[in-house]
Amino acid sequence: MKNDIILSGVGGQGILSIAAVIGYAAVENNLYLKQAEVHGMSQRGGDVQSHFRLADKPVASDLIPYGEADLILSVEPMEALRYLPWLSEDGWLVTNSNPFVNIPDYPDTGDLLDEISKVKNNLIVDADTIAKDTGSVRATNIVMLGAASHFIELPLESLENAIRKLFGRKGDEIIDLNLKALAAGREQYKP
Amino acid sequence: MAKLMLLGDEAIAQAAIDSGLSGMYAYPGTPSTEIMEYIQSSEDAAEKGIHRDWSANEKTAMEAALGMSYTGKRAMVAMKHVGLNVAADGFINSAMTGVNGGLIVVAADDPSMHSSQNEQDSRFYGKFAYVPIFEPSNQQEAYDMIFDAYEVSEKYKVPVLFRITTRLAHSRSAVKQKKQLQQKEFSLPSDLRQFVLLPAIARRKYKVLLSNYESLASDVDYQTNNRYIDGEDKSLGIVACGLAYNYLAENCKDRGCKYPVVKIGFYPVREDILARLKAECEEILVLEEGFPVIEELMRGFPRSDNKIKGRLDGSLQRDGELNPNLVAKALGLRSGYGKDVPDIVRKRPPSLCKGCGHADMYNALNEALEEYGPGKVFSDIGCYTLGALPPYNAINSCVDMGASVTMAVGAADGGMFPSLAVIGDSTFTHSGMTGLLDAVIKNAHVTIIISDNLTTGMTGGQKSHATNRLESICAGLGVAKEHIRVINPLRKNHEANTAVMKEEIAYKGVSVIISRRECIQTAARRKKKER
């Protein structure tokens, strides 16, 4: 088993908390993993990505080779497209539909979503609205993780445990909110 | 023992704690920052009383670490690659003095310049100083090699360079912990002249250094970090240094590599395994992250030796970091590719945060300078370097820490008026103060803007040595009190701030404008904590 995932977004959108949840869940399942992160200058509103590699055997490269990602999980639509060279033929692209506009020449959102729809396996999720409806926009990331969880080879229960662990210090209310966000995201796709 | 999920940086930090570290010294710099941050946030390190404060710059950090070593205790100093330039005087001469307690110098290189102004390869510094270098390929090796590095440092009484690159520094994986070692007891050097590099003593010590370097190349205890892994197909032999080994392994998948491989993790490299590879194989491919160090060594002279492939003959690109696809190509393997990035995707460069004080400072500065035309502002290393990009286009240099102040002095000497520097608070106490003293001594006609956000912002908000000290530092260096001006960079103060800048630009002498407002990232984190 191997699961190569690219997490993408804009610096400050918090893709590393998604990575942390998957990481905890992977450890619970005794899987090997490598997770390359971006720190430093790019975090200032630039494009950021994390290569997340899960496997039942030791992982060699910290970076995913082109054409081998099983999943691109993006919290921003334009950033979802930036990593297409990595996506495998049968890989899934799962993205939030809400743009993060911090450049003057940001493209038209409709055009972006059209381009995303051309990808063979794509799932576009209005994660901001879903997160708002479940209680807080701050859980947008977890909604996205829920939507993408169908394509991550980890039991849902492990992801839930990981959320309990990650948000443990913040109290039951925050944990419940995030568990709801995960469930609401997961409903966005029926396998 | 426990398994931890650690960044390469954190694996080094945890290993240092576990191998009996007594003092950690560093100045923040991507990709090395998390080593100190991990030790600072470690409860274990707190209980053990490990010294772990940021230093003013890499040179002071290097020297403090050497002082810790003088007392017989284990020390570590960490920096980004260009930080080693700042620390170079101390580093090179620490090889001459040698150490008492084990001393590890971590240099985190940044090939592809993700967050740096060059991609220099620190292994050159190791050779330059004649000190051993460790270069781990993964997080576990990074952890394990720290133990070895302290041993070799104490065995040969020499500082050890520990070289990593961005990809390992910022990649996370499982690390198995070893049993913790005790900290060393306080014990002065047995020879109290060990650290006195008077020429007569230095000449003697240099011979020892050279002879030790020879011994290191054949020390079986540490040469185990360099391995010859045999393969059936001798049409090619591969040398893989540090992280590059992972990309080779990725391309060999489960079947293993059919070619003989020399895996390198320690320098100086024993010559026999490289010689054997060169003798047995028809061609050699050298995979290394950074400069062609081993490649040049194996090529020797003439450079036209076609047997050695790597970055010099174009088998691999000459610059930038490696990745699995580049290595696949060099191996003659087909590698996959998804789809091209659609044209609709725009570049998204880093930018100043919304509401950042640097932005308001630049808006005022641009207006104050309108009458003088462009090209008059030197700047420095930090978030405010983004002022070089639109919409500000406000600065004309970013060279090295502190260079804004001194370049402004030189340009004023050259007849430029006005001549300005924009420098951050932490960068100013790192390397700007001495330049300001130069300016004061010659009464240069320069205006220095210290954009004070009360933190070391770019690297994530570490404590700044400048906080609450800037006015007194500038006054102490001799800047006239009436020309040390403090402004608050807010949009509502734009006109007043522009006026202050105009006044000080016109003043024929050294003036300092401290533009002070807390970094909005730091402020947000602080408020969150206070809630």
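**Stop 1: the strand pairing across the two chains**

Start by selecting β2(A) together with strand β7 of chain B, residues 171-176: the two run antiparallel and are joined by 3 bridges. For a single pair to zoom in on, pick Gln35(A), whose bridge partner in β7(B) is Arg172(B). Keep in mind as you look around that this is a predicted model.

**Stop 2: the rest of the contact**

Now widen the selection to the whole contact, with 42 residues from chain A and 37 residues from chain B. On the side of chain A that touches chain B, color α1 (15-28), β2 (32-36), α2 (77-81), β5 (87-96) and α3 (109-117), since each of them supplies at least two residues. Which element of chain A gives the largest share of that side? It is β2(A), with 4 residues, the strand you met at the start of the tour. If you color the side of chain A that touches chain B by class, you will find 20 nonpolar, 12 polar and 10 charged residues.

**Stop 3: chain A on its own**

Hide chain B for a moment. Chain A holds 7 helices and 6 strands, and if you follow the chain from the N terminus, its elements come in the order β-α-β-β-β-α-β-α-β-α-α-α-α. Its radius of gyration is 16 Å, close to the 16 Å that the globule rule gives for 191 residues, so chain A is as compact as a globular protein of that length. Turn it around in the viewer: along its principal axes, the C-alpha trace of chain A spans about 40 × 40 × 40 Å. Of the 191 residues in chain A, 57% are buried. Among contacts in chain A with a separation of 6 or more, 67% are between residues 24 or more positions apart.

**Stop 4: helix α7 of chain A**

Next, select residues 172-186 of chain A, which form helix α7. At 1.5 Å a residue, its 15 residues should span 21 Å, and the end C-alpha atoms are indeed 21 Å apart, so the two values agree. Show the side chains of Leu177(A), Asn178(A), Lys180(A), Ala181(A), Leu182(A), Ala184(A) and Gly185(A), which are buried. What do the buried residues of α7(A) pack against? Add β6 (121-125), α4 (127-134), α5 (140-148) and α6 (156-166) of chain A to your selection to see the answer.

**Stop 5: the domains of chain B**

Bring chain B back and color it by domain: domain 1 (3-183 + 199-219), domain 2 (227-330) and domain 3 (357-526). Between the C-alpha centres of domain 2 and domain 3 of chain B, the distance is 47 Å.

**Stop 6: an enclosed helix in chain B**

Select residues 33-41 of chain B, helix α2: 7 of its 9 residues are buried, so the helix is largely enclosed by the rest of the structure. The buried ones are Thr33(B), Glu34(B), Ile35(B), Met36(B), Glu37(B), Tyr38(B) and Ile39(B). Their cover includes β1 (3-7), α1 (8-18), β2 (21-26), α3 (43-47), β3 (74-80) and β4 (103-109) of chain B.

**Stop 7: the sheet of chain B**

Finish with the open sheet of 6 strands, ordered β2-β3-β4-β6-β5-β11 in chain B, with mixed pairing. At its edges stand β2 and β11 (266-267) of chain B, each with a single partner strand, so one side of each is left without a neighbour in the sheet. Within the sheet, zoom in on β4(B) and β6(B), residues 160-165, which pair in the parallel sense over 6 bridges. One place to look is Asp109(B), whose bridge partner in β6(B) is Thr165(B).

Technical notes: Residues are numbered from 1 along each chain as its sequence is written. Chains are lettered from A and ligands numbered from 1 in the order in which they are written. This is a predicted model: local features need pLDDT of at least 70, side-chain atom pairs count only at pLDDT 80 or more; totals for chains, interfaces and linings use all residues. Two residues are in contact if their C-beta atoms, placed from the backbone, lie within 7 Å. Ala, Val, Leu, Ile, Met, Phe, Trp, Tyr, Cys and Pro count as nonpolar, Asp, Glu, Lys and Arg as charged, and the others, Gly among them, as polar. Two strands pair if DSSP finds at least two bridges between them. Domain bounds come from an automatic or database domain assignment. A residue is buried if 20 or more other C-beta atoms lie within 10 Å of its own, exposed if 12 or fewer, and partly exposed in between; C-beta atoms are placed from the backbone. The expected span of a helix is 1.5 Å times one less than its number of residues. The radius of gyration is taken over C-alpha atoms; the globule rule is 2.2 Å times the number of residues to the power 0.38.
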